[in-house]
Amino acid sequence: FKYPRRAKAGEMPTVTLQPPWPQIYSGETVTVRCEIQGGEGAQWTYEWRPAKLNTPPTSSEYRITVTESDSGGYSCRGKRSFSWTKWSDTLTVSVRIDTTVSNRPVVTLPGASVTLNCQVEHPSAGWSFYWYKAVPDLSEKSSSYELLPDGSGTAQDSYIIHGQTHTAGYVCRAGRGDPEYHTDHSQPKFVWSAGQFVSLSASLTVSPDRVQHFTSDSVSLTCEGNFTEWRVRKFSEDGRLSDCRRMMTGSTCNINTSKSDTGVYWCESGSGEFSSAVNITVQNDGNGPILVSPVHPVTEGASVSLSCSLKTQKILSNVFFYHNDKLIQNDTRGELKISAVSKSDEGFYKCQYSGRESAQSWMSVKGEQKHFMCFCK
């Protein structure tokens, strides 16, 4: 008669994770395994921590489609005959809910190439990337996604769009594993193409027609074109993308301005047309001036007037005007007039009155063939 073998002191369990990813996302499938070194070929009974894995009959491995509740420490031990091994060291599993991707806007000249990047937090080997064009779906207040050519399961985390001739939004997502786990779609990255290829069928007008506004101003942003459905979108200073919903009346978004309304705005039609985008800056200093400058690019050869205004006084005198931080006018006039705009007039402008400066705004200059735009704070 032979007694069953007892666990030996040298038989040490170890918990392993397959695939051995440093970061796991909710919805991925992984395997936790209890391996006992030196105990190969023996009949083992296993005990796990956490206890939820101890539903009889216990196993040496578990395949888990993880959720956030599966985060924590995992350890195991084995028993044969009447003896238990020691507990293994604890393997810590961290499950995250989402990924981080870039969604900064890009401005290109018509026909230029643009490179999109998809970034996964805690990057590791094994990710494939999927690339889509975002198509506005106004009925759902969202967008649908069309897979880009050769945009399915690429090994590279970047995608080049050649010959960009129109404004569009793009998204990505990543996948890995078997069965393949997919992250959520990224926030859209908007590429605004400046120039003669900008759609003439969609436009955005701002009233009052200026970049800078005081707090609590009433500002209207109106979408124009041969479409029945519109939405106004905003890309804010902190990188968030939002819609004008509760304030939308027909094709007009009405805003009672606050500092959080500073951002880049544009229109989207139900058929996927995008307007050009405009900057809106809200002055946070109730006693400070604003620069009154045009929202849209100025055509070469045209005249333009810039002025400085207070909330309580619209017409000022003895105003200083600056172009790219260089003082260009300092006299009793309260207005800066440029009779024939040239490309050299493009740049940042600001005004100063009684020792207080406005924010600076970019004035774009467009020619016959090329329109240049800069989306700047």
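This report describes a four-stranded sheet and one buried aspartate in a predicted model.

## Basis of the description

The model is predicted, so local features need pLDDT of at least 70 and side-chain atom pairs count only at pLDDT 80 or more, while totals for chains, interfaces and linings use all residues. Residues are numbered from 1 along each chain as its sequence is written, and side-chain values use heavy atoms, with hydrogens and water left out.

## The sheet and its edges

Four strands (DSSP runs of E, at least two residues, numbered from the N terminus) make up an open sheet in the order S18-S20-S24-S23, with antiparallel pairing. Because S18 (202-207) and S23 (248-249) each have a single partner strand, they stand at the edges, and one side of each is left without a neighbour in the sheet.

## Pairing within the sheet

Pairing here requires that DSSP finds at least two bridges between two strands. S18 is joined to S20 (residues 218-225) by six bridges in the antiparallel sense, and Ser203 has Glu224 in S20 as its bridge partner. S20 also pairs antiparallel with S24 (residues 252-256) over five bridges, where Thr222 stands opposite Thr252 of S24.

Two bridges connect the antiparallel strands S23 and S24, with Cys253 in S24 as the bridge partner of Met248. These two strands form a hairpin with two residues between them, and Gly250 in the turn has a positive phi of about 65°.

## Asp243 in strand S22

Asp243 lies in strand S22 (residues 241-243) and counts as buried because its relative accessibility is 19%, the cut-off being under 20% relative accessible area with a 1.4 Å probe and protein chains only. Its side chain makes a polar contact with the side chain of Arg233 at 2.7 Å, a term for a pair of N or O atoms within 3.5 Å, of which, within protein, one must be able to donate a hydrogen and the other to accept it.

Note on methods:
Buried < 20%, exposed > 50% of the residue type's maximum accessible area, 1.4 Å probe, protein only.
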